[in-house]
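Hi,

Here is the two-chain model I promised to pass on. Have a look at it first, and then read my notes below.

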Amino acid sequence: MMLLPTSGVEPTLKVSNLSVAYRGGGSAPAVKDVNLDLAPGEILGIVGESGSGKSTLCMALAGLLNKTQCSITGDLTIGGRSVTISDPEDQTWLDIRGSKIGYIFQDAHAALNPLLTVQQILVQPQTCRGIPMDEAKERASQVLHSVEIPDVPRRLRQYPHELSGGMKQRVVIAAALVSHPEVLIADEPTTALDVTLQSQIIQLLQRIQLETELSIIFISHNIDLVADLSQRILVMQFGQIIEEGPTDRVLNSPEADYTKYLLEFVPRIETIGFHRGVEHWHNHE
Amino acid sequence: MSRSNAHRLVVENLSVTYKVRTSLLQKRPLHALRGVSFNVGAAETLAIVGESGSGKSTILRAISGLTSYDHGDISIDGEPYKPANSNANAAEISLVFQNPNSSLNQRLTVGKIITDPLHSRKSDESQMEVLHDVLSLLKLDHDFINRYPFQLSGGQKQRVAIARALITNPRILLLDEPTSALDVANQDQVVQILLELKSERQVSSIFVTHDLPLAYKVAERVAVLYLGVVVETGTRDEISLQASHPYTQALLLSIPQRKIGKHAVSKKLHMVGEVPSPIDVAAGCVFRSRCPIAMAICSEVAPQPVQLSATQVVACHAVSA
């Protein structure tokens with residue numbers, strides 16, 4: 001099942017026949033025969049419940065799996081370069097990971113090194129690529145501005161434990177963006193956050209995508225959240241893609257029973273309104 | 001009939017303060033709840049909605065006696081209730097925790113876990129009888145009695161936790177985000193069971209969640225909590241259609257658009273900042289640091305609750321009856 005969003009355009013990321021099996025798992029592979037294309041500037045949503053293989057898929061796409069723990073097969077091209085997907089320690093990965101491809105982790109607290117300041121977290125990946133220190137520092141404060149962190153000079157000196165949950169997630173996003181990636185993989189970036197922060201982070205990702213024209217793979221178990229953000233949706237179950245299509249089509253006329261079922265059981269509010277029609281947030285602007 | 005008889009549970013002016021160590025030698029008070037009042041009717045579900053740190057779990061812990069409170073009055077069916085020395089009424093209130101993996105003892109079988117709260121109150125035969133009743137009620141297979149929690153799925157484990165809470169036939173069930181660890185289908189299953197319990201066993205419940213659409217699905221009434229203060233209470237339709245407090249409105253506007261069938265708004269919420277630390281909250285309205293319509297008075301005086309209808313109450317200087 002493959003669908004090219006805009007025919008004729010070279011995809012930023014293309015994977016074919018990707019399978020991942022954890023060693024010692026014994027049973028079915030975590031990801032099985034997955035094919036997907038990501039067009040430049042596209043936001044692709046991946047939906048699935050826990051255990052559906054969506055995180056394993058994305059970790060394989062970013063070369064974050066440990067080859068001693070699982071076997072990975074398939075062909076991957078990122079930004080026109082072929083990558084040895086089966087071996088995340090291969091030289092092709094070292095050039096791409098963190099520079100062409102950025103990753104936003106679900107648990108911001110676990111993703112940030114507690115011993116480094118925010119500035120060190122953002123500068124290190126640049127200096128080890130040979131970018132001069134001054135330039136790297138400049139870029140670090142730029143990227144913090146772009147993720148809407150107030151009071152940047154003070155934040156740069158702080159350690160992760162001094163930041164709130166929403167702030168930490170913004171730093172993780174900044175770290176993913178610091179080397180101007182072409183592809184951003186966001187693995188449930190808002191699951192650990194409160195609803196008001198969730199909508200802030202979603203709006204932030206939308207704005208960044210518009211400004212930088214990067215491609216985003218957005219993963220969530222929440223189909224409604226994915227729908228707000230992405231142009232195209234993949235539905236995963238048992239490690240396979242069981243439905244794929246433009247967001248409107250998948251939501252309005254789902255083909256797979258599983259997609260229908262995901263859509264049916266999500267609690268919804270039929271309509272919202274305000275006391276005497278007064279809505280404080282818009283009148284303010 | 002007096003007012004208290006219409007309500008199964010009445011909580012008035014409940015305040016809880018924790019002592020938090022802020023530095024090596026210093027402990028400071030954290031006001032988790034600042035005078036919270038609400039009531040729950042018979043066979044009614046009240047949803048308490050709020051974000052992390054708002055005090056939702058503290059409310060349940062205070063009512064069930066797991067945390068002591070500074071002051072406040074709790075009554076059940078008109079009778080004053082003291083959670084701290086409530087051995088006699090321990091069966092009145094049951095609590096279901098968020099994560100079944102940590103709330104179920106992994107070394108006990110399901111049958112043992114569920115009947116544990118009965119202690120020696122009942123003979124073994126009558127224990128088995130209630131056990132089978134409660135298993136049927138929760139649509140759990142009777143073979144599960146001899147299984148261990150690790151042999152069950154997440155949804156099954158949470159149903160075992162609910163079965164344990166129901167075994168003493170409580171009048172009030174306290175649910176602390178019972179479905180947040182579950183996937184969509186299991187969440188729906190638990191929600192359906194809670195709805196059935198309400199109609200079949202007349203159980204009253206408090207359902208704590210951060211998910212407003214879920215609250216809308218399970219509860220008749222909703223209380224919105226922010227930094228230990230109830231900012232708005234109303235029926236589920238009043239909260240979704242007549243929301244008056246800026247924070248309630250922000251929660252509604254934060255819901256993914258797809259979760260709302262017909263939405264009146266096309267513009268997006270632009271809320272800045274995060275929930276401030278509950279340590280050292282200054283006087284005045286708790287929401288003012290993020291409020292789009294904050295006025296001078298908001299930093300001086302905490303707004304008093306205003307009755308907008310028989311069931312809707314809001315605490316905001318900008319909203320008048």
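**A helix of chain A and what it packs on**

The buried residues of α8(A) pack against α5 (133-146), α7 (165-177), β7 (183-187), β8 (215-220) and α9 (223-229) of chain A, and also against α10 of chain B. Before going further: this is a predicted model, where local features need pLDDT of at least 70 and side-chain atom pairs count only at pLDDT 80 or more, while totals for chains, interfaces and linings use all residues. Residues are numbered from 1 along each chain as its sequence is written, with chains lettered from A and ligands numbered from 1 in the order in which they are written.

A word on terms. Helices (H or I, at least four residues) and strands (E, at least two) are DSSP runs, numbered from the N terminus. I call a residue buried if 20 or more other C-beta atoms lie within 10 Å of its own, exposed if 12 or fewer, and partly exposed in between, with C-beta atoms placed from the backbone. Two residues are in contact if those C-beta atoms lie within 7 Å.

Back to α8(A), which covers residues 195-212 of chain A. Its 18 residues reach 26 Å from the first C-alpha to the last, close to the 26 Å expected at 1.5 Å a residue (1.5 Å times one less than the number of residues). Buried positions in α8(A) include the run A:V195, A:T196, A:L197, A:Q198, A:S199, A:Q200, A:I201 and A:I202, and further along come A:L205 and A:I208. After the helix comes A:E213, with a positive phi near 55°.

**Where the chains meet**

How many residues does each chain give to the contact? Chain B puts in 44 and chain A 36. On the chain B side, the elements that give two or more residues are α7 (184-201), α8 (212-218), α9 (236-241), α10 (246-254) and β11 (260-262). The largest share there, seven residues, comes from α10(B), and α10(B) is also among the elements that the buried residues of α8(A) pack against. By class, the chain B side has 24 nonpolar, ten polar and ten charged residues (Ala, Val, Leu, Ile, Met, Phe, Trp, Tyr, Cys and Pro count as nonpolar, Asp, Glu, Lys and Arg as charged, and the others, Gly among them, as polar).

**The chains one by one**

Chain A has twelve helices and eleven strands. Its radius of gyration, taken over C-alpha atoms, is 20 Å, which agrees with the value near 19 Å for a compact globule of 285 residues (2.2 Å times the number of residues to the power 0.38). Along the principal axes, its C-alpha atoms fill a box of roughly 60 × 50 × 40 Å. Half of the chain, 50% of 285 residues, counts as buried. Of the contacts in chain A between residues at least 6 apart in sequence, 67% join residues at least 24 apart.

Chain B has ten helices and 13 strands. Here the radius of gyration is 21 Å, in agreement with the value near 20 Å for a compact globule of 321 residues. The C-alpha trace spans about 65 × 50 × 50 Å along its principal axes, and buried residues make up 48% of the chain.

**Inside chain B**

An automatic or database domain assignment divides chain B into domain 1 (3-92 + 170-314) and domain 2 (102-168). The C-alpha centres of these two domains lie 29 Å apart, and each domain gives ten residues to the contact between them. On the domain 1 side, α7(B) gives the most, with four residues. That side divides into eight nonpolar, two polar and no charged residues.

Chain B also has an open sheet of four strands in the order β2-β1-β4-β5, with antiparallel pairing (two strands pair if DSSP finds at least two bridges between them). Its edge strands, each pairing on one side only, are β2 (27-41) and β5 (79-80). Strand β4(B) (residues 71-76) pairs with β5(B) over two bridges, and B:I76 stands opposite B:E79 in β5(B).

**Two backbone oddities**

Most residues other than glycine have a negative phi. A:N17, in strand β1 (13-22) of chain A, has a positive phi of about 50°. B:L227, in the loop between β9 (221-226) and β10 (229-235) of chain B, has one of about 45°. Are these two buried or exposed? A:N17 is exposed, with 11 other C-beta atoms within 10 Å, whereas B:L227 counts as buried, with 24 C-beta neighbours inside 10 Å.

Cheers
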